[in-house]
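Work through the exercises below with the structure open beside you. Try each task before reading its solution.

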Amino acid sequence: MNQGLRTSAGGRIDRSRALDFTFDGRAYTGYAGDSLASALLANGVQLMGRSFKYHRPRGLLAAGAEEPNALVAVRRDAARYTPNLRATQVELYQGLEALSQNRWPSLAFDLGAVNDLLAPFIPAGFYYKTFMWPRSAWRALYEPRIRAAAGLGHAPALPDPDRYANRYAHCDVLVVGGGPAGVAAANAAASAGARVVLCDEQNELGGSLLADDPRSAPPIDGRPALEWLDASLAALASNPRVTLLPRTTAFGYFPHNLLGLNQRVTDHLARPDPNAPRERLWQVRAREVVLAAGAIERPLVFPGNDRPGIMLAGAARTWLNRYGVLPGTRAVVVTACDAAYEAALELQAAGVFVACIAETRAGAAAPVWAERAAAARIPVLSSATVLGTSGRRRVNSIALGRLADGELSATQLQPCDLVLISGGFTPSVHLHSQSRGKLDWNAELEAFLPASSAERVRSAGACRGVYALAAVLADGNAAGSLAALDATARGRTAVWPAGGRGPTAGAGPAPLAPAARSSGLAGALPRPAQARGRAFVDWQNDVTTRDLALATREGFRSIEHVKRYTTTGMATDQGKTSNVNALGIVAHALGKSIPEVGLTTFRMPYTPVSFGSFAGPARGQLFDPVRTTPMHEWASGRGAVFEDVGLWKRARYFPRGGEDLHAAVARECLAARRACGIFDASTLGKIEVVGRDAETFMNRLYVNAWTSLAPGRARYGVLLRDDGFVYDDGVVARLAADRFHVTTTTGGAPRVLAMMEDYLQTEWPDLDVWLTSTTEQWAVIAVQGPNARAVLEGLTDVGLSATALPHMGVATGRICGVPTRLFRVSFTGELGYEVNVPADFGPAVWEAIWDAGQAHGMTPYGTEAMHVLRAEKGYIIVGQDTDGTVTPDDAGLAWAIGKAKADFVGKRSLMRPAMAAPDRRQLVGLLTADPAVVLEEGAQVMAQAGSRPPTRPLGHVTSSYYSAVLGRSIALALVAGGRARKGQTLYVAGPQDDTAVQVSTPVFHDPEGKRIHA
Amino acid sequence: MLLIQCPYCGERPEPEFTYGGQAHVARPRNPAAASDEEWTAFLYRRANTRGVHAERWRHMHGCGRFFNALRDTTTDHFLATYKVGEPPPGAPP
Amino acid sequence: MPRRMSLPFKGVGAHVLVARGPGAQHRAAMQPFSGLALLKRGLTGQRGWTPQWRSPQPKPVYDALIVGGGGHGLGTAYYLASEHRLGSVAVLEKGWIGGGNTGRNTTIIRSNYLFDESAALYDHALKLWEGLAQALNYNVMFSQRGVMMLAHTVHDMQVSKRHVHANRAAGVDNEWLTPEEAKAFCPPLNLQGLRYPVLGAALQRRGGTARHDAVAWGYARAADALGVDIIENCEVTAIRRDAAGAVEGVETTRGPIRARRVGVAAAGHTSVIMKMAGIELPLESYPLQALVSEPVKPVFPCVVMSNTIHAYISQSDKGELVIGAGTDAYTSYTQRGGLHIPSHALEAICELFPLFRRLRMLRNWGGIVDVTPDRSPIIAKTPVPGLYVNCGWGTGGFKATPGSAHVFAWTIARDEPHPINAPFTLERFREGLLIDEAAAAAVAH
C-alpha cells in the first residue's frame, strides 16, 4: 500500500530506507525514523485501536507517551510478544509485526462495540450496583464475563527468552528530558565541569525542536535551531564526563535523589544482537537533578471528541514536521490556546485545507496569531463551542456554534477529515511530585507548577510553565549552571536536611508573560442544549463528563474517590491527557476551585516499565547466591540428592541403585549405628568468640554456665531471645580461657552473629570481646558410629582414647598433616567425632578419611539420615521441633540452664506467668500402636478419637520418621502438659481417621547413653 | 534506597545496612529486678514516632558497627547520624 | 466490562429485603442497588442517584466515635449501628474514607492461619465476606478464586503441612497440593529450572480477593443509611479525658466532639493517636509497597503466595496483575519506599511466572502498616476507660475487615471483648501469651 499522505519532502525520516511492516496481517511500508503510528498514518490508516469499555473506534490523539488510544501488540516471535504498546512509541523496523487489541473479530468490526449501545445502562461504577443475585452467580456467571470483557491485550503465551540488564551510576547532574531546556541545562552543567547524565524517552534528543518546521523555527544563538541542537549534542557526546541516554525513560524518583531509568536497548532493531539485553534498568544517584520533562498538550472535552481524525494540534505538527505526514486533507481547528494557530498555519502551508479555527476563548488570540490567520484567509470563529461530530470510523464533520452569554448563534456544520484540538498545556510535573515536591496551581497558565522541592531537584522549561523558546533556553541554562554549582559545592550532603529546598523549584520565578495568553482550558467546553453525543475525558477508559457528574452526584467529593469510582486517569496513560480536565469538571460540579479539589498523587512509573527490566539478571541459578561446602563435588559425584537450606545446598541422601529416599535413609542410618557414617557438617555456623571477657559475654548471652567449662571441653549451648523463647543452639567448645568456638544452626549463623554484635556493641560495649564468623574457614567432617575411632586413629596425632578425648572433649592437633580442631561430639548418639580442618583442605582430608573408612564399613549419610539419627536420641532441631514459641523447658532443655546465673538473655522473660503455665506444650515422644505407621509431620494431636472440627488440639507432631534400628516409627511432638502424660494414649488426626499413639520419652534409642561414651 | 551516612565509613547505600529499630531503648541493668511493666516496655513498646525518630542502624556489609541516627519519618531525610554512646545531637547534655 | 446484560432483575430488590447478615433489615433508608434500578435510571441518564453517604457537619456529642475511616473503622460503625443499635455514631476520617491501607492493599482474603485464635478470627471474617455484598447491597466483588501458598524447601513443606493439619482441626479448609496439582490449578506457574523448586503448595479454596474500594464505600453507604455520620477531612488532634481519666471526647480540626466511647482504627497512624491518650503501644509502622501491571485478558486464575521468595500475585477483575512486595526495612510514614523492594518482588514473580517478564508495571504505591511483635493484631480495651483500639494488622488487615469490625463493635458496645477477639489483648505482651504467627516462618536447621 502506498504512503499516500506522505509529504513530498522534509521531516526527519530517511526516505532512502523504506521499511516493510504489517498491521493486523496487512502489509505496509514506512521509512527509517518513522514510529509505527506515523507510518500507519502515512498509509492512510486512522483506526488503530478500540477503547477499554465501549470498544469505540479510535485513532491517534497524541504523538508521544501520552497517547491513550493507539495501543497495539508487537510480535517478534511466539515468545517475544509484547502487548499494550503505544504505536507512537514503537519505532519502525524492517518486518515489524503489529496487532490491534481488545476487538473481536476484527478492529474494523468489533462485536464488543455492543457495549456502546448499552452505555446508558452501564455508567461509571455500575458493577458495584448489580451482579449480586444469586450470591453464587458472581463467581459462576458474572465475574468470568466481566473479566473476559476487561483487559486490553493478551499476556505472552511463552516464557520471555530475552535478557535484561541492570546498572548503577552516580553523577553530579542528572538532566531528565532532551528538549531545548534539557540540552541547554546539560550544556551549562557540562561546561561547568560537572559529570552529567542526560536522558530522554525518545529515540532522538531534541524534544519539541523536532516538531518545529525548520523553515519557520526561530533561530538559536543566531543559527537554525536544528543546527544548534546538532552542535550541542555533538559537544555533549564528545565530552567524556557526559553520558547521553536516548530511548531512556526516567520513570521513578526515589528517596535521596535516586532515579530509576529504563533504557530500551534492542526493541527498535530488526535483528537485535542476541548478546545484548533487551532493556537496561539504570539506578542513578544524582547529586543534583534537573527536570526538563516538557509539557503535554491538553485535549478539549466536547461532544463526540473521540472520533478518529480528532487529534491534538501539537501532534499534527509532529506528524507533519517530524515525520512528513499529512494527517488529513480538510481540517477544522478547535482551540483554547494560541499554539494551535501555528499548527493551522503550518498545515495550510503544507497543503491541508483549514476550514476554520474555532476559538473557544471569549477574547481573541494574541494579535500576531490573529493577523497571521487572517493573512492565510483562515476564518476564525470566536466564542465558539462544539455541538457534536459525525463519522463512524473517522470524523467527517463537526458542528460548531458561537456561544455568548448562553446564547447559541452562527451554528454551522463543517465537513472535515481532521479536527485539531488544543486546550493548552499540562506541565509534566510527575517526577517533581514523585520526589515529594509541592505543587501550586497557576491560574494564569491553568496548570499545576512545581513549588518547593523535597530533594535536590529543580525544574526547567515547559515542565514549570515556561513555554517561549528563548525563555526555555535561558531557564534550562540557569538550572544547569546552578545544579552544577550545588553539586560540586563543598560540604554538601547527598540529600536535603528535613524541610527541603526553599520556595521555588526552578532557577527563579517562572516568567509568565510570554505564555500567559496561551493559557487554555481545564475542564469541558460549555455544552449547549442542542449538543449531541458524549464528551470523553479519559479516552482509554471511556470516562465521560456524565460519569464524572454521576460520581459527584453520588457523593464522591474527593478527587481520589472520583478517580477510583469512574477510573478516570487510571488507564495505561495514567491520565496524562485527562487528569486536569477531570479536575476542572469535578471542581465545576462541586463549585470549588481546582486547587481546592486537589490533585491525585503521581505514582511511579511515569510510563509502564517491563517486569523483566526490574528483575534484571535475577533468574534461575542467579536468582539467589548458591552456597556449597568444600565437599560438594564429592557428594554430587556420589549422586547425592541435595536440599536447599537457606542459601546452602546440602546433601540430603545418597541413593544407591534404584533406592528411594526411605530405603537410602534406612541404609545410611543402620551404617552409622552399626559401623560408621561420614557426614558433611560444614554448613553449621561457626563463630569465634575471643577476648578477656569472652567467658562473661558467653555467660550473659547463652543460658548455660560457662565458667565451669574448662578449656578442651565442649558443651551444648542454648540461646534464647530476650523474650525467653529458644532462638538457636549448638555445641560450644572452649579452646582457651579467652577463646570459644561457637557453633550455630545452619540457617541461624547470620542471625546469631548479628544478635551477638548487637548486645556486645550496644548493651555491653565495656566487654573486651571480638566476634568473628568462621563458618567458611572450617570444613567439618562428622565421623559417627562404633568404628569412628578406628577410622580416625591412624590419621591424626590427637589421642582418641576414651580417657584422652572423652565425650564432649576437644583437642587441637594435626590430621592428615593439616591442622585440626577435633571435637568428640555426637548428634547421633554414637561414638563420634567432628573433624574441623581449614576449608581448603576439606576435600583432601575427607577423601583420606573416606579411604580409611572403607575397611570399617563407612557409609556417607545426608541430612535426612542425620535427622532420623538425632530424633532416635530425642535431640531437637531448632526451627523444626521449636517454632519461636518454645521455652527451654518446653523443649526439655531446662537442664542446660545455669541456675546460679543472675541473668542471661531471656531469663527475665521466663519469669512471666504464662511461661510456667502447666498446660504449655512440651516435647514428648509418640509411639504409634502400629509400628509400621509413620505419622505426618505437622499432624495435630487430640485427646479423644474422632473429635470433629472445630476442635482444640493438644499439640502437633514436629518430627516423624521410620527408625530402621528400632524397626518401628518414632515421632517427636509438642503436647500440652506432655511430660505428665507419659503412657497416656492420644490420637493423631488424619484426613480420614485418627491414629492412636502412646506418649513416651523423646529418647527412643540407647536411653542410658552408653554408646556415646564408648 | 536510602543513602546513609555511616559515622565510620561515610555515605553508603541502604542495602549495606540493617535497620536496628528505635535507639536508646536500654536493657534494664538488673532484669531480675525489673517490674513486668518495665520489662514489657523494654521488649515491646516503641515510640513509633511520626517525625524525628532516633533509631539504630548497623553497617552490616561495611564496618559492621552499630550507630544511631535521627531521621524524619515523614520525609525519610536524615538529620544526623552519631556513634553508640553519644547523645542525640541537640539533646541536652 | 460486561457485554452481557441479561440480569436476573427479578428478585434483586426482593433479595435485598430478605438479605441475611447484619443490618440488612435497615435497608429502607437506602436507594436499593440492583440491575433493575440501573436499567430504570438508565432511561433517564442515571440522573436519579443520590449521594451514597452524606457529608454531615459533626454534632457536638455522639454515643461513640470511631477514629479512622478505613474498612475496619467504617465496618465497626456499621455493626455498632446495625447490631448493637447504638443511637449516634460518627466516623472521623482525616482524609477521604478508604484512602489508607483499605485502598492500597492487594485485596487477598484467606483464613488459613496457624494458631486457633487467628484462624477463628480470620475465618469469622471470611464467613462474613461470603455474604457481604448482599448484606450491604453493594457488590464488593468477593471472588473465592483460591489462595495457593507455595513451599520451596523441606522446611516450607513441614510448615505448610502443619498449617493444613491445624486448619483442618480448626474447621478451616486448607489442602496440600503436589507440584503438578499446583500447576494444574495455576497454569502459568513455572516448575522448571527454579533456584528454589516448587515442592508443593497449600491451597485454601475459599480464599480469594475482593474490590477494596467497594468495601469502604459499601460500609459507608450502609452505615450512613443507619444514621452514622461519616465525617471526612476531620483529623483528631487530641483525646480529652475526665478527672477520673476516662475518655470524654476528642479535639479535631473541625472542633471538639464529645463521646464516652472512642474506638481507634487508624492503622499506621495508631501510635500517633494513642499517644494523645498517653498510651505507647507495641507497634511499629513500616512502608508496604504494591504494584499492578497493565491490564491484560484473563491469564491468572487464583492467588499465589510465596513466603520463601517473598511475593504474592493475583489478577483483578479489570485485568491488572496485582503484586505485593515486602515491607521496607525501616519505619516510615511517607507511604513510599525504595526501588529495590518492588524490584525484588518482580524478581520473584518473573522467576515463578516467566510468561509475565514482558508485561509492564503500570502503578506502584505504598501504604503504612502497623506491625506488632507477634504479627497478630490488637483488638481490645485499653488502660483508658472508654478508649478502644483495633490495630497491628501488619500486612494482613484487609482480609480481616468484616470480622475485625464485627468483634470490635461488640467490644465497644459491651465494654468487653467478643470471645473471638478475647485473646488479642494488649496485656498478652506483658504476660507472654503471644499469638506468634511470625513463628511459623521460623528459619530451620
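A cavity here is a set of grid points where a 1.4 Å probe fits but cannot get out. The model is predicted.

**Exercise 1. Cavities**

Task: State how many cavities of 30 Å³ or more the structure holds, then describe the lining of the largest cavity.

Solution:
- Step 1. Count. There are 10 cavities of 30 Å³ or more.
- Step 2. Size the largest. The largest cavity has about 740 Å³ of space.
- Step 3. Find its lining. This cavity is lined by 45 residues. Closest to the centre are Arg211(C), His212(C), Ser316(C), Lys318(C) and Glu320(C).
- Step 4. Map the lining onto elements. Chain A gives two or more residues from each of α3 (137-149) and α13 (559-566). In chain C, α8 (212-225), β14 (311-315) and β16 (360-371) do so.
- Step 5. Sort by class. The lining has 16 charged, 15 nonpolar and 14 polar residues.

**Exercise 2. A five-stranded sheet**

Task: Give the strand order of the open sheet of five strands in chain A, and explain why β2 and β6 each have one side without a neighbour in the sheet.

Solution:
- Step 1. Read the order. The strands run β2-β1-β7-β5-β6 in chain A, and the pairing is mixed.
- Step 2. Look at the edges. β2 (26-32) and β6 (81-86) of chain A each have a single partner strand, so one side of each has no neighbour in the sheet.
- Step 3. Add the twist. Neighbouring strands of this sheet are turned by 35° against each other on average, direction ignored.
- Step 4. Check one pair. In chain A, β5 (residues 71-75) and β6 are antiparallel over four bridges. Within this chain, Val74(A) has Thr82(A) in β6(A) as its bridge partner.

**Exercise 3. A three-stranded sheet**

Task: Describe the open sheet of three strands in chain A and locate the bridge partner of Thr385(A).

Solution:
- Step 1. Order the strands. The sheet reads β19-β20-β21 in chain A, with antiparallel pairing.
- Step 2. Identify the edges. β19 (384-390) and β21 (407-415) of chain A each have a single partner strand, so one side of each is left free of a neighbour in the sheet.
- Step 3. Take the twist. It averages 20° from one strand to the next.
- Step 4. Follow a pair. β19(A) meets β20 (residues 397-404) of chain A in the antiparallel sense over six bridges. The partner of Thr385(A) is Gly401(A), in β20(A).

**Exercise 4. The contact of chains A and B**

Task: Which three residues supply the most of the area that chain B buries against chain A?

Solution:
- Step 1. Count residues. Chain A brings 32 residues to the contact and chain B brings 29.
- Step 2. Take the area. The two chains, B and A, bury about 2,500 Å² between them, 52% of it on carbon and sulfur atoms.
- Step 3. Name the three. Met1(B), Arg27(B) and His77(B) supply 29% of the area that chain B buries against chain A, more than any other three residues.

Definitions and conventions: Residues are numbered from 1 along each chain as its sequence is written. Chains are lettered from A and ligands numbered from 1 in the order in which they are written. This is a predicted model: local features need pLDDT of at least 70, side-chain atom pairs count only at pLDDT 80 or more; totals for chains, interfaces and linings use all residues. Side-chain values use heavy atoms; hydrogens and water are left out. Two strands pair if DSSP finds at least two bridges between them. Axes are lines fitted to C-alpha atoms, for helices over the stretch in contact, and angles run from 0 to 180 degrees between N-to-C directions. On a 1 Å grid over the protein atoms alone, a cavity is a set of points where a 1.4 Å probe fits but cannot get out, and a pocket is an open set with protein on both sides within 12 Å along at least five of seven lines; lining residues have an atom within 4 Å of a point. Grid points are joined across faces, edges and corners, and a volume is the space filled by probe spheres set on the points. Ala, Val, Leu, Ile, Met, Phe, Trp, Tyr, Cys and Pro count as nonpolar, Asp, Glu, Lys and Arg as charged, and the others, Gly among them, as polar. Contact means heavy atoms within 4.5 Å. Buried area is the accessible area (1.4 Å probe) that two parts lose on being put together, summed over both.
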